[in-house]
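Reader: I'm new to this one, so could you walk me through it with some questions and answers?

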Amino acid sequence: MSRRRRAPAAAPAKPEARDRLRRVLFLVPYAVRHPGIPVRELARRCGVDEAQLLEDLDFLLGVGCPPFAPDDFLDLYVEGDRVFVALHQSFSRPPRFTEGEAAALAAAARALGGEGVERAVKALRESVPRDRRQSFDELSQRIYAGSPPARGSVLGRLQQAIAGRRAVRLVYYTASRQAEGERLVRPYTMVSRFGHWYLWGHDRDRGRAVAFRVDRIKECTLTEERFEEPAEADLPSRLFSAPVGEPVRIRLGRASLAWARERPGVRILEEGPRGGSVEVGTVDEAWATRFALSFAGDAEVVAPPSARRHFAEAVRRALARY
């Protein structure tokens, strides 16, 4: 006698990511405005049961930077049967743009065109601190948003020179010397790295290929000099590749070290009466810099050298504003 097997019950479908996103975008500001709101009431407002709401709250604790520790951007907790939100990253007044951010928005506005563009650009300029507006003016003349770039722009001329294998004469601002100088360069290619665009080419004075940040090129003039296509060894693929698996070492003060000890993904290397050092693996240089700066002067990136340089440059830029 045969017996028919019953098909296993289908697993309940998981809530759609879009629905969860709508809920969490609603529940955080709502809980901020209603501190201590009961779990049941907040669940009713979100249109879910209490179990689903608690799952959403757990999900929110993973929002942040690698290694995704709680309270990176949001401190959310349930006390008894009530929900509280702290560190919700809201602002009492609008943040001010840096000159680079404002210039990028101005370039995008000009690319879109339409009525009121110049008023928008003027408002962006006025949003920048007064002592940085000259820098905004310079950047807005060099940044172009659109496709293809204007032939007369720095970017347009560089692209012509690369395509035509023609040397260029650059007026370049060197940040370390805080001075402008003229360079004769054979432009090989352009690459994006660490949040900036770089021209990679052979500098006649140095006798080798080096990188030039495009936003520091004041002028670009094509010459009649021609050159052969560069060999593979002259291209920057190896030099501009991110280090893989190389841990970042950060020196911390005593109070910060005690706090970092509780962070998942952070390994204590050494500890003393005045502080110590920690290691964070598989993170990029920009994240390491942000992590160190979050300690408000009580931390310093010490290794590897590329991460240390990235951190030092960020500190130098910050100090230059004061």
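## A walk through the model

Author: Happy to, and keep in mind that this is a predicted model. Let's start with a pair of strands: β9 (residues 248–253) and β11 (residues 275–280) run antiparallel and are joined by 6 bridges.

Reader: Which residue in β11 is the bridge partner of V248?

Author: V248 belongs to β9, which covers residues 248–253 and runs antiparallel to β11, residues 275–280. Look across to β11, and the bridge partner of V248 is V280.

Reader: What is the order of the strands in the open sheet of 4 strands?

Author: The pairing in this sheet is antiparallel. Its edge strands are β10 (266–272) and β12 (299–303), each of which pairs on one side only. From one strand to the next, the twist averages 25°. Read across, the order is β10-β11-β9-β12.

Reader: How many residues does the hairpin from β10 to β11 go through?

Author: These two strands run antiparallel, with 6 bridges joining β10 to β11. Within that pairing, E270 stands opposite S277 in β11. As for the hairpin that joins β10 to β11, the number of residues it goes through is 2.

Reader: Is L269 buried, partly exposed or exposed?

Author: L269 sits in strand β10. Beyond its neighbours within four places in sequence, L269 touches R249, S277, V278 and E279. Buried would need under 20% relative accessible area and exposed over 50%. L269 has 31% relative accessibility, so it counts as partly exposed.

Reader: How far apart are the C-alpha atoms of L269 and I250?

Author: Along the chain, L269 and I250 are 19 residues apart. In space, their C-alpha atoms are separated by 9.5 Å.

Reader: Which helix lies across β9, β10, β11 and β12?

Author: Look for a helix that covers residues 285–293 and runs at about 5° to β9. Its buried residues are E285, W287, A288, T289, F291 and A292. Their cover includes β9, β10, β11, β12 and α10 (305–319). The helix lying across those four strands is α9.

Reader: Where is P304, and what joins it to A303?

Author: P304 is found in the loop between β12 and α10. Most peptide bonds are trans. The one between A303 and P304 has an omega of about -5°, and it is a cis peptide bond.

Reader: What is the phi of R165 near?

Author: R165 lies in the loop between α7 (154–164) and β4 (166–174). At 22% relative accessibility, R165 counts as partly exposed. Most residues other than glycine have a negative phi. R165 is a residue other than glycine with a positive value, near 50°.

Reader: Which residue's side chain makes a polar contact with the side chain of E99?

Author: You'll find E99 in helix α4, residues 99–112. E99 counts as buried because its relative accessibility is 6%. The polar contact, at 2.7 Å, is with the side chain of R132.

Reader: How many disulfides does a search of the whole structure find?

Author: A disulfide is a covalent bond between the sulfur atoms of two cysteines. C46 is buried, with a relative accessible area of 14%, and C220 is buried too, at 1%. For disulfides, though, the search of the whole structure comes back with 0.

Reader: In the open sheet of 3 strands, which residue in β3 is the bridge partner of D75?

Author: That sheet has the order β1-β3-β2, with antiparallel pairing. Its edge strands are β1 (37–38) and β2 (75–79), each pairing on one side only. Joining β2 to β3 (residues 82–86) are 5 bridges. In β3, the bridge partner of D75 is A86.

Reader: How much of the accessible surface of the protein belongs to carbon and sulfur atoms?

Author: Stepping back, the protein has 10 helices and 12 strands. Of its 322 residues, 34% are buried. The accessible surface comes to about 21,000 Å², and the share belonging to carbon and sulfur atoms is 52%.

Reader: What share of the contacts with a separation of 6 or more comes from residues 24 or more positions apart?

Author: Here we count across the whole protein, taking contacts with a separation of 6 or more. Of these, residues 24 or more positions apart account for 54%.

Technical notes. Residues numbered from 1 in each chain as written. Predicted model: local features only at pLDDT ≥ 70, side-chain atom pairs only at ≥ 80, totals over all residues. Heavy atoms only, no water. Buried < 20%, exposed > 50% of the residue type's maximum accessible area, 1.4 Å probe, protein only. Polar contact = N/O pair within 3.5 Å; in protein donor to acceptor, adjacent residues only side chain to side chain. Disulfide = S-S within 2.5 Å. Pairing = 2+ DSSP bridges. Axes fitted to C-alpha atoms, helices over the stretch in contact; angles between N-to-C directions. Contact = heavy atoms within 4.5 Å. Areas by Shrake-Rupley, 256 points an atom, 1.4 Å probe, with all protein chains shown as cover.
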